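Please work through the exercises below with the sequence and the coordinates open beside you, and attempt each task before reading its solution.

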Amino acid sequence: QVQLVESGGGLAQAGGSLRLSCAASGRFLSINVMRWYRQAPGKQRELVATITGGGSTTYADSVRGRFTISKANFNNTVYVEMNSLKPEDTAVYYCNAEARNSAWTVSNYWGQGTQVTVSS
């Protein structure tokens with residue numbers, strides 16, 4: 001089992017910045033991929049950013065150039081630095097991890113979500 005604990009959400013003004021953190025703990029052999037998703041009220045959950053175990057990153061078009069995903073391997077933590085925030089970035093942000101539990105199994109885990117609100 002893997003537990004994901006997010007932190008860093010809150011209120012920011014348009015043009016401001018926030019940094020979210022997600023710490024993974026529990027029993028696993030490795031973390032293959034970590035992702036940040038977000039879900040705004042009345043909308044589907046969307047993928048925001050991805051980082052692989054090797055450090056490769058991808059971003060949604062809506063955040064590319066403004067958000068930066070990174071990770072610290074020593075403590076299994078992933079971050080997303082969010083700059084030039086816009087009101088449309090307002091959402092609950094969720095951390096997601098794909099973890100190898102054994103030589104034969106890979107499982108997907110979700111954090112509890114953290115609210116980000118951007119005021120205009």
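The exercises that follow go from the disulfide to the strands, the core, the salt bridges and two single residues.

The model is predicted, so local features are reported only at pLDDT of at least 70 and side-chain atom pairs only at pLDDT 80 or more, whereas totals for chains, interfaces and linings use all residues. Residues are numbered from 1 along each chain as its sequence is written, and side-chain values use heavy atoms, with hydrogens and water left out.

**Exercise 1. The disulfide**

Task: Locate the disulfide, give its handedness, and state which strands it links.

Solution: Begin with the definition, by which a disulfide is a pair of cysteine sulfur atoms within 2.5 Å. A search of the whole structure on this criterion returns one disulfide, and its partners are Cys22 and Cys95, with sulfur atoms 2.1 Å apart. Next, place the two cysteines on the strands, which, like helices (H or I, at least four residues), are DSSP runs numbered from the N terminus, a strand (E) having at least two residues. Cys22 belongs to strand E3 (residues 18-26) and Cys95 to strand E9 (residues 91-100), so that the bond links distant parts of the chain, 73 residues apart. Then take the torsion about the S-S bond of Cys22 and Cys95, which is about -80 degrees, and therefore the disulfide is left-handed. Finally, check the accessibility, where buried means under 20% relative accessible area, exposed over 50%, and partly exposed in between (1.4 Å probe, protein chains only). Cys22 has a relative accessible area of 0% and is buried, and Cys95, with a value of 0%, is buried too.

**Exercise 2. Strand E1 and its partner**

Task: Describe how the side chains of E1 are arranged, and identify the bridge partner of Val2 in E3.

Solution: Follow strand E1 through residues 2-7, where the side chains alternate. Val2, Leu4 and Glu6 point to one face and are buried, while Gln3, Val5 and Ser7 point to the other face and are not buried. Then turn to the pairing, for which DSSP must find at least two bridges between two strands. E1 and E3 run antiparallel and are joined by six bridges, and Val2 has Gly26 as its bridge partner in E3.

**Exercise 3. The nonpolar core**

Task: Determine how many residues the largest nonpolar core has, and which strand gives the most to it.

Solution: A nonpolar core is a set of buried Ala, Val, Leu, Ile, Met, Phe, Trp, Tyr and Cys residues joined through side-chain atoms within 4.5 Å. The largest one has 32 residues, and those with the most contacts inside it are Leu4, Met34, Trp36, Phe67, Val78, Met82 and Tyr93. Strands that each supply at least two residues of this core include E1, E3, strand E4 (30-39) and strand E5 (46-52), but E9 gives the most, with five residues. As general background, nonpolar side chains tend to be buried together in soluble globular proteins. For one core residue in detail, take Met82, using contact in the sense of heavy atoms within 4.5 Å. Leaving aside neighbours within four places in sequence, Met82 touches, among others, Leu18, Leu20, Phe67, Tyr93 and Val116.

**Exercise 4. The salt bridges**

Task: Find which residues salt bridges join into one network, and examine their burial.

Solution: A salt bridge requires a side-chain nitrogen of Lys or Arg within 4 Å of a carboxyl oxygen of Asp or Glu, and the whole structure contains four of them. One joins Arg38 and Glu46 at 2.6 Å, N to O; Arg38 is buried at 6% relative accessibility, whereas Glu46 is partly exposed at 33%. Another joins Arg66 and Asp89, with the closest N and O atoms 2.7 Å apart. Arg66 lies in the loop between strand E6 (57-59) and E7, and Asp89 in the loop between E8 and E9, so this pair ties together parts that are 23 residues apart in sequence. Both Arg66 and Asp89 are buried, and salt bridges with shared partners join Arg38, Glu46, Arg66 and Asp89 into one network.

**Exercise 5. Thr114 and Trp110**

Task: Is Thr114 buried or exposed, and what is Trp110 in contact with?

Solution: Thr114, in strand E11, counts as buried at 11% relative accessibility. A polar atom of the Thr114 side chain lies 3.4 Å from the backbone nitrogen of Gly9. Trp110, in strand E10 (residues 106-110), is partly exposed at 39%. Leaving aside neighbours within four places in sequence, Trp110 is in contact with Leu4, Tyr37, Arg45, Tyr94, Cys95 and Asn96.

Technical notes: A polar contact is a pair of N or O atoms within 3.5 Å; within protein, one must be able to donate a hydrogen and the other to accept it, and residues adjacent in sequence count only if both atoms are side-chain atoms.
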